[in-house]
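Please open the structure in your viewer and keep the selection panel at hand. The tour proceeds by successive selections.

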Protein chains: 2
Amino acid sequence: MADPKPINFTRGVPATESFPAAQLAIAAENALRNHSATILQYGPASGFLPMREWLAARYGVAVESVLCSNGSLQIVEFLGAALLAPGDAVFVEEPTYDRTLTTLRKAGARVVGIPLEADGPDIDALEQALRIHHPRFFYVIPDFQNPSGATCSRAKRERLVELARSHNFFLLEDCPYRSLRYSGQAEPALIELAPDVVLLMSSYSKLIGPGPRFGFAIGDAGLLQRIAKVAEDTYISPGLLAHGIVYEYCAAGYLEPQVERLLALYAPRLAATLAALDKHLPETAPTRPQGGFFLSLTLPEGVNTSDVRTAAALVGLNLADGRGFFSNGGGERFLRLPYCALSPVDLEEGIKRLAGVVHALQA
Amino acid sequence: MADPKPINFTRGVPATESFPAAQLAIAAENALRNHSATILQYGPASGFLPMREWLAARYGVAVESVLCSNGSLQIVEFLGAALLAPGDAVFVEEPTYDRTLTTLRKAGARVVGIPLEADGPDIDALEQALRIHHPRFFYVIPDFQNPSGATCSRAKRERLVELARSHNFFLLEDCPYRSLRYSGQAEPALIELAPDVVLLMSSYSKLIGPGPRFGFAIGDAGLLQRIAKVAEDTYISPGLLAHGIVYEYCAAGYLEPQVERLLALYAPRLAATLAALDKHLPETAPTRPQGGFFLSLTLPEGVNTSDVRTAAALVGLNLADGRGFFSNGGGERFLRLPYCALSPVDLEEGIKRLAGVVHALQA
């Protein structure tokens, strides 16, 4: 018998068929016609000025409040270098994005996890933690969280802001998935509620593609200047050629229709994943996000992700280790399912294989 | 009277008029037609495979011996994170590239400067230093060195290799200027002499332009894997869109004619700078490089760069602080002159202003 076709529920990658290659080629031609003297040269570490201006207009802030970078992950690293002394406390949601955990640890941060509920961080646990620790910031992904799929409620957003103000820390709001809402109503972004205590970071990796490495931060101009100094010492200037292409793409008005196409492409994939789970693994009670790239579930008692991963690999199903998303142990039964890069047929097949593995391990 | 036109001898930037914008636009179109599924997606931290293969063929090495990055400076950072413990010794030429000094210091290295002579590092001083320190590596720029303009002789290249082998350190050979030889004969690259003890790093920032942030390293596959792991934790993958464009540019055969154009553009600029110095400041005995971006000189006794910088700024002449290129003090009378981005007329005018300032301070 032939090996089964591999199905990867590993990383949160966009669908290849979503990439707007032809429009990016037009954007590249325009960027190289209009801006070659700038985008082929060294330039400011805070990024390509027209793109900063475009984002400033979009977010209703001054251009000094915008920094563009090579993807958004490195902003966490720069922030660590600019702000953190070894042992400084940083709060994260539990679970959270594993690469951010790695980056915070490299910066010497003392990472404190705040349990995440279906409607956002556990506020009682946060208040408890604030009695013990004084975090420099709280890293949160309020919309379609990675890895859980949870979205923070309006009430909890307001409490986060109040607590940030009263306890003198800021919220590092990571929101690359926010535009990808397939149903329901958006809550205000934290930065809309309280620009005084929020540094927003995002990227267009999930909207245009990761390859341009286009990320950005919006927030306090003084803090961004400190980040820019670290950025300059690290890479002199970000990838201005790619940023010029992203700028011409956005300036041409391509972004909004692209987001519409993504919604049409990804919404059925989320629906297919949930339908397959309801059919094959209803006992895992998966999160039911209204957007983004991920849903998550807790495996039945007595079954752990390690064993499931090992057995799943034998049937061509590749899964991520749930423990990687937890800052301080735990996650043995946690499973993240990134569904955007798989077709509905493969999603159904993948969940079927997953159910087979789980039920075999239970037997 | 109108303010004089500013003339910048500050950073080593390429001439704007050298940028091959039209050819890059063709390359971008080809890259997005041929490789969009790869260059718009996340990918390997070691870079875009076709470009690694292209470089592997050019350097006659296996593809595993090639890593592509966002510019070359960050390779020094990754190397520091992969290899250095705080306090580990690293040797550098004295003077050397100031951004590398900053990067090595951030990594916690104990930087030891080896005096640089007109024909390369002072070998006696190097042997002395090797009696005291055991460096992990010696960072050298053998061709048209930044900031001095010195090129390492064949004899010294061979001694460097012998000492690296006998003292168990490696040579980090930084060679972004090597192709830009305006006269004379090239010596073999260190990596050609001794691939067993050399990690080469370079970039196309000086050939195509800095904006694509295209850098690369060539050397031991195991070491490159360790660098790639740090790179992945830092930026997931490098700027694959830009690297795809650079690849199509190179694959189309545009690079060699571009280098020819650069030689034709920059050789007269070096000649104009030397002629102006011979006319206006012969007493400074500038280095007389046969290529690259920089020459350097030592100001007359009693005159220091700080005072010259301050006075020069008043006549629209902007200079870099010579002390920044020295790892452990010194450089008070050292002046680097990057000449590539200035026209021969501006170079003559700039040197005239410099001479006026120096002579006024001597009076």
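The stops below run from the whole chain to the core and then to the interface. Please bear in mind throughout that this is a predicted model.

**Chain A as a whole.** Select chain A and display it as a cartoon: 13 helices and 12 strands appear. Its radius of gyration is 21 Å, close to the 21 Å that the globule rule gives for 363 residues, so chain A is as compact as a globular protein of that length. Aligned on its principal axes, the C-alpha trace extends over about 65 × 55 × 35 Å. Colouring by burial would mark 53% of the 363 residues as buried. Among contacts in chain A with a separation of 6 or more, 75% are between residues 24 or more positions apart.

**The core.** Which residues touch the most other members of the largest nonpolar core? Select A:Leu171 and B:Leu171, which hold that position in a core of 219 residues. Next, centre on A:Leu171 and show its contacts beyond four places in sequence: A:Phe137, A:Phe138, A:Val140, A:Leu160, A:Ala164, A:Leu190, A:Val197 and A:Val198. In soluble globular proteins, nonpolar side chains tend to be buried together.

**The interface.** Now display both chains and select the residues in contact between them: 36 come from chain A and 37 from chain B. On the chain A side, the helices that each supply at least two residues are α1 (21-34), α2 (36-39), α4 (73-83), α5 (98-106), α9 (221-235) and α10 (240-251). Highlight α1(A) last, since the largest share of this side, 6 residues, comes from that helix. Coloured by residue class, the chain A side divides into 19 nonpolar, 12 polar and 5 charged residues.

Technical notes:
Residues are numbered from 1 along each chain as its sequence is written. Chains are lettered from A and ligands numbered from 1 in the order in which they are written. This is a predicted model: local features need pLDDT of at least 70, side-chain atom pairs count only at pLDDT 80 or more; totals for chains, interfaces and linings use all residues. Helices (H or I, at least four residues) and strands (E, at least two) are DSSP runs, numbered from the N terminus. The radius of gyration is taken over C-alpha atoms; the globule rule is 2.2 Å times the number of residues to the power 0.38. A residue is buried if 20 or more other C-beta atoms lie within 10 Å of its own, exposed if 12 or fewer, and partly exposed in between; C-beta atoms are placed from the backbone. Two residues are in contact if their C-beta atoms, placed from the backbone, lie within 7 Å. A nonpolar core is a set of buried Ala, Val, Leu, Ile, Met, Phe, Trp, Tyr and Cys residues joined through C-beta atoms within 7 Å. Ala, Val, Leu, Ile, Met, Phe, Trp, Tyr, Cys and Pro count as nonpolar, Asp, Glu, Lys and Arg as charged, and the others, Gly among them, as polar.
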